[in-house]
Amino acid sequence: MSDHYIPFSVPDLGPAEIDAVTRVLESGWLTSGQVAADFEREFAARVGAKHGVAVSSCTAAMHLALEAIGLTAQDEVITSPYTFAATAEVIRYFGARPVFADIDPRTFNLSASALEAAISPRTKAVIPVHVGGLPADMDAISDVCMRHGLKIVEDAAHAFPASHAGRMIGSIGDVTCFSFYATKTITTGEGGMITTDDDAYAERCRLMALHGISKDAWKRYTSEGSWYYEIVAPGYKYNLSDIAAAIGRVQLARATAMRERRLEIKERYDEAFLASDVLDTAPDDSRCMHSWHLYMLRLNLDRSRLDRGAFIEGLKAKGIGTSVHFIPLHLHPYYRDTYGLRAADFPSASAEYMREISIPIYSRMLDEQVDRVIDAVMDLAG
Ligand SMILES: *Cc1c(COP(=O)(O)O)cnc(C)c1O
């Protein structure tokens, strides 16, 4: 075992997920039906939201959320540059302008003061990202948004299960968007969920997720429904299949246990890495329940003999997979050139990116694999 490659991420799927998928395949109903409806209800209850709308990805969820709040091409949406492509591209789907505000370097999350400074008369909404699964400072962000009349659409792709100041992520912003992509804390292969307490937003997201058709497709084909339907808007095709939802329901039931295992790994990492002045442990916040989707190790570059690239190469040579979260959006050609952005515009995001390495943290990791990662990191840091 010890000489085997340790991948960066491995999904935790077992016989219960396989059985659940088999039952759907045998039922004869594959697309969005009762299983997806059950998954929506159970997920919403778990995060304390009134509504859940299951969709095909978190990207789709954010697209629908921005449509539901009425985003137009004249609007601006403020978000963090420290995120994945999806967070800002959904703003561009409307022709609206993404406005970036810098992160708090202690957490990788949108800074509430940078957010407030970026507000203009055109600002419509804010998309906080809970990077790595550590909730952004939702008290401070909500306060800014309340004072300026801005909507909050959360990118919670990393943040299940997670909470801020005792409130579950999924119950705080106007709309919250989760991802069930293969690498995320719970997975359906590809998938996502919208949660909201707002009846109108939920209804609009549900409508637009399925062609703007006024009746759920599955009802049309059962004896409960009729053949008649109406197209009331040019919607999208963003529904989640029952096959995927069946996996999601099992993963949801296992989510707490899987997080417990990631927390154990995080504690082993912290204990080891605190001994090195080359390493900063992953950010945490005592007010939060962190999902521990990512363990975001940071190098003290003035003390390290290796730069970030060499450190990653060193880990690879020792058979350990890593990733970097994230290459900030303002450094990518599209955003850099379209909006004339420079690294110096977002100094904290630019600096933290240079020293970040995400190391393996997943519930299927064995203790001996955790030990190998610790030994390798400590060796390269030493
Ligand atoms: C993975 C991810 C997304 C996109 O999720 P999909 O379900 O793949 O669309 C959005 N935001 C962040 C921060 C992510 O890491």
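## Enclosed space in the model

The largest cavity has a volume of about 190 Å³. The structure you have in front of you is a predicted model, so let's take a tour of its internal spaces and then turn to the ligand. In all, 2 cavities of 30 Å³ or more are counted.

## Around the largest cavity

A total of 19 residues line the largest cavity. If you would like to find its centre, look for Val10, Thr183, Lys184, Ile361 and Tyr362, which lie nearest to that point. Among the elements of the fold, helix H9, spanning residues 242–273, gives the most to this lining, with 3 residues.

What is the make-up of the lining of the largest cavity by class? Nonpolar residues number 9, polar residues 7 and charged residues 3.

## The second largest cavity

The second largest cavity has a volume of about 30 Å³. Its lining is short enough to name in full: Val131, Ala282, Pro283, His290, Trp292, Leu294 and Met296. By class, this lining has 6 nonpolar residues and 1 polar residue, with no charged ones.

## Where the ligand sits

Now for the ligand. The space that the ligand takes up is the largest pocket. A shell of 17 residues surrounds the ligand, and the closest of them are Thr59, Asp155, His158, Ser179 and Lys184. Lys184 may look familiar, as it is also one of the residues nearest the centre of the largest cavity.

Two helices are worth picking out here: H3 (58–68) and H4 (85–92) each supply at least two residues of the shell. The largest share comes from H3, with 3 residues. Sorted by class, the shell around the ligand holds 8 nonpolar, 7 polar and 2 charged residues.

## Polar contacts and burial of the ligand

Which side chains place polar atoms by oxygen atoms of the ligand? Threonine 59 is one of them, with a polar side-chain atom 2.5 Å from a ligand oxygen. For histidine 158, a polar side-chain atom lies 2.6 Å from an oxygen atom of the ligand. Lysine 184 joins in as well, with an N or O atom of its side chain 3.1 Å from a ligand oxygen. On its own, the ligand would expose 390 Å², and the protein buries 92% of that area.

Notes: Residues numbered from 1 in each chain as written. Predicted model: local features only at pLDDT ≥ 70, side-chain atom pairs only at ≥ 80, totals over all residues. Heavy atoms only, no water. Near = heavy atom within 4 Å. Polar contact = N/O pair within 3.5 Å; in protein donor to acceptor, adjacent residues only side chain to side chain. Areas by Shrake-Rupley, 256 points an atom, 1.4 Å probe, with all protein chains shown as cover. 1 Å grid on protein atoms, 1.4 Å probe; cavity = no way out; pocket = protein on both sides within 12 Å on 5 of 7 lines; lining within 4 Å. Sits in = over half its atoms within 2 Å of the grid points. Helix = DSSP H or I, 4+ residues; strand = E, 2+ residues; numbered from the N terminus. Nonpolar A, V, L, I, M, F, W, Y, C, P; charged D, E, K, R; others polar. Points joined across faces, edges and corners; volume = space filled by probe spheres on them.
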